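Colleague: I should like to learn how to read a model of this kind. May we go through it feature by feature?

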Amino acid sequence: MTNCPECDASVEVGAMIAGEIFPCRDCGTELEVIGTAPMSIERAPKEAEDWGE
Ligand SMILES: [Zn+2]
């Protein structure tokens, strides 16, 4: 378990693998699993600047 870097909500990443991208259940921010030992997540880079707008 770790926390969303955007909203600090608890995020369950037990079954995730490094490189996996998933949305935070709380704020919807796209998160990327940076590493699993130790568990580390960051906001996923946006590929298009106007994504979602
Ligand atoms: Zn969040």
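**Reading the model**

Modeller: Let us begin with a pairing of strands. Strand 4, residues 30–36, pairs with strand 5 in the antiparallel sense, over five bridges.

Colleague: Which residues stand opposite each other in this pairing, Val33 being one of them?

Modeller: Val33 faces Ile41 of strand 5, and Gly35 has Ser40 as its bridge partner. The connection between strand 4 and strand 5 is a hairpin of two residues.

Colleague: Before we continue, how is the confidence of the model to be read, and what is the mean pLDDT?

Modeller: As a general idea, where pLDDT is low, the predicted coordinates should not be read in detail. This is a predicted model, with a mean pLDDT of 87 for the protein, and 87% of its residues reach 70 or more. Confidence is lowest in strand 1 (residues 2–3), at a mean of 90, and highest in strand 3, at 93.

Colleague: What is the order of the strands in the open sheet?

Modeller: The sheet has three strands in the order 3-4-5, paired in the antiparallel sense. Strand 3 (21–23) and strand 5 (39–43) are the edges; each has a single partner strand, so one side of each lacks a neighbour in the sheet. On average, neighbouring strands in this sheet are turned by 35 degrees against each other, direction ignored.

Colleague: Let us turn to the metal. Which residues are the protein donors of the zinc ion?

Modeller: The donors are the SG atoms of Cys4, Cys7, Cys24 and Cys27, lying 2.3 Å from the zinc ion. Their spacing in sequence is C-x2-C-x16-C-x2-C. Cys4 belongs to the loop between strand 1 and strand 2 (10–11), and Cys24 to the loop between strand 3 and strand 4, so this pair ties together parts that are 20 residues apart in sequence. Both Cys4 and Cys24 are buried.

Colleague: Why is the arrangement of the four donor atoms called tetrahedral?

Modeller: In general, the ideal angle for four tetrahedral donors is 109.5 degrees. Here the four donor atoms around the zinc ion subtend angles of 107 to 112 degrees, which makes the arrangement tetrahedral.

Colleague: How should accessibility be read for a single residue: does Thr29 count as buried or exposed?

Modeller: The cut-off for buried is under 20% relative accessible area. Thr29, in the loop between strand 3 and strand 4, has 17% relative accessibility and therefore counts as buried. Leaving aside residues up to four places away in sequence, Thr29 touches Glu6, Phe22, Pro23, Cys24 and Arg43.

Colleague: And how does Arg43 count, buried or exposed?

Modeller: The cut-off for exposed is over 50%. Arg43, found in strand 5, counts as exposed because its relative accessibility is 51%. With the same exclusion of sequence neighbours, Arg43 touches Pro5, Glu6, Thr29, Glu30, Leu31 and Glu32. The C-alpha atoms of Arg43 and Glu30 are separated by 5.9 Å, although the two residues are 13 apart along the chain.

Colleague: Finally, what should one note in the backbone, for instance at the bond that joins Ala37 and Pro38?

Modeller: Ala37 and Pro38 are joined by a cis peptide bond, with omega about 0 degrees. Pro38 is placed in the loop between strand 4 and strand 5. A further backbone feature is found at Asp8, which has a positive phi of about 70 degrees although this residue is not a glycine. Asp8 lies in the loop between strand 1 and strand 2 and, at 55% relative accessibility, counts as exposed.

How values were computed: Residues numbered from 1 in each chain as written. Predicted model: local features only at pLDDT ≥ 70, side-chain atom pairs only at ≥ 80, totals over all residues. Heavy atoms only, no water. Pairing = 2+ DSSP bridges. Helix = DSSP H or I, 4+ residues; strand = E, 2+ residues; numbered from the N terminus. Axes fitted to C-alpha atoms, helices over the stretch in contact; angles between N-to-C directions. pLDDT = per-residue confidence, 0-100. Donors = N, O, S within 2.8 Å, 3.2 Å for Na, K, Ca; no water. Tetrahedral: all angles 85-135°; square planar, octahedral: opposite > 155°, others 65-115°. Buried < 20%, exposed > 50% of the residue type's maximum accessible area, 1.4 Å probe, protein only. Contact = heavy atoms within 4.5 Å.
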